[in-house]
Amino acid sequence: MKDAFLFVKLNFNYPLKRQRLMTKNDTQKARELENLYAIYQNFKESPLHISGCTTIVFGEGNLNARIMFIGEAPGEHEDALGRPFIGRSGTLLDKTLKIAGISRFEAFITNIVKCRPPNNRKPTKTELRAG
């Protein structure tokens with residue numbers, strides 16, 4: 001597996017960061033993700049926005065991942081930092097990956113719903129469809 005890792009954080013005060021992109025194909029993949037996420041630059045006006053969230057949490061990980069983890073929705077820590085699976089669920093995921101012998105950098109991690117629902121409630125069907 002190529003060591004191409006893209007850390008994507010949708011916070012347009014800071015540029016998207018590329019780390020260890022090894023090939024022209026990986027750079028193209030990164031650009032495609034940036035273009036996909038760029039349309040949500042004004043996320044409070046997008047269909048992905050849920051009232052009360054502070055950022056849209058898209059995902060991060062290896063562009064050439066053979067495994068992808070998809071959660072339901074960001075929690076409080078994820079919403080604050082704009083990264084998926086970094087709170088309690090992230091701790092559990094990291095422990096599970098370690099037991100399985102998988103590095104977090106070998107996977108791509110995201111959520112169905114990109115904004116944290118108020119009071120960490122379950123996402124509605126409408127929010128799940130928009131995500």
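K122 and E72 join their side chains in a salt bridge, with N and O 3.9 Å apart. This pair ties together distant parts of the chain: K122 sits in the loop between β5 and α4 (125-130), while E72 sits in the loop between β4 (67-71) and α2, 50 residues apart. Please keep in mind that this is a predicted model. The salt bridges come to five in total, and the notes below walk through several of them, along with a buried aspartate, a serine contact, the nonpolar core and the confidence scores.

**The K122–E72 pair and its surroundings**
- K122 counts as exposed because its relative accessibility is 63%, above the 50% cut-off.
- E72 has a relative accessible area of 38%, so it falls in the partly exposed class, between 20% and 50%.

**Salt bridges around R104**
- R104 forms a salt bridge with E60, and the closest N and O atoms of the two are 4.0 Å apart.
- This contact also spans distant parts of the chain, with R104 in the loop between α3 (88-100) and β5 (107-111) and E60 in strand β3 (residues 59-62), 44 residues apart.
- Are R104 and E60 buried or exposed? R104 is buried at 16% relative accessibility, and E60 is buried too, with a relative accessible area of 3%; both count as buried because the cut-off is under 20%.
- D94 meets R104 in another salt bridge, at 2.8 Å from N to O.
- Here the partners are D94 in helix α3 and R104 in the loop between α3 and β5, ten residues apart.
- D94 is partly exposed, its relative accessible area being 36%.
- Which residues belong to the network built from salt bridges that share partners? E60, R83, D94 and R104 are joined into one network.

**D79, a buried acid without a salt bridge**
- D79 lies in helix α2 (residues 76-81).
- Although D79 is buried, it has no salt bridge, and the nearest side chain of opposite charge, R116, is 5.1 Å away.
- Why does R116 not count as a salt-bridge partner of D79? The separation is 5.1 Å, and a salt bridge needs the nitrogen within 4 Å of a carboxyl oxygen, so the pair does not qualify.
- What does the D79 side chain reach instead? It reaches the backbone nitrogen of T55 at 3.3 Å.
- Leaving aside residues up to four places away in sequence, D79 touches G52, C53, T54, T55, V57, P74 and R116.

**S103 in the α3–β5 loop**
- S103 is located in the loop between α3 and β5, and R104 is in that loop as well.
- A polar atom of the S103 side chain lies 3.1 Å from the backbone nitrogen of F105.
- S103 is partly exposed, at 29% relative accessibility.

**Nonpolar core**
- The largest nonpolar core contains 13 residues, and those with the most contacts inside it are L33, Y37, F43, I56, F58 and C115.
- Helix α1 (residues 24-38) supplies the largest share of this core, three residues.

**How far to trust the model**
- The average pLDDT of the protein is 77, and 80% of the residues score at least 70.
- Residues 1-19 have a pLDDT below 50, and this stretch makes 56 contacts in the model beyond near neighbours in sequence.
- Where pLDDT is low, the predicted coordinates should not be read in detail.

How values were computed
Residues are numbered from 1 along each chain as its sequence is written. Side-chain values use heavy atoms; hydrogens and water are left out. Helices (H or I, at least four residues) and strands (E, at least two) are DSSP runs, numbered from the N terminus. Buried means under 20% relative accessible area, exposed over 50%, partly exposed in between (1.4 Å probe, protein chains only). Lys and Arg count as positive and Asp and Glu as negative; His and the chain ends are not counted. A polar contact is a pair of N or O atoms within 3.5 Å; within protein, one must be able to donate a hydrogen and the other to accept it, and residues adjacent in sequence count only if both atoms are side-chain atoms. Contact means heavy atoms within 4.5 Å. pLDDT is the predictor's confidence in each residue, from 0 to 100. A nonpolar core is a set of buried Ala, Val, Leu, Ile, Met, Phe, Trp, Tyr and Cys residues joined through side-chain atoms within 4.5 Å.
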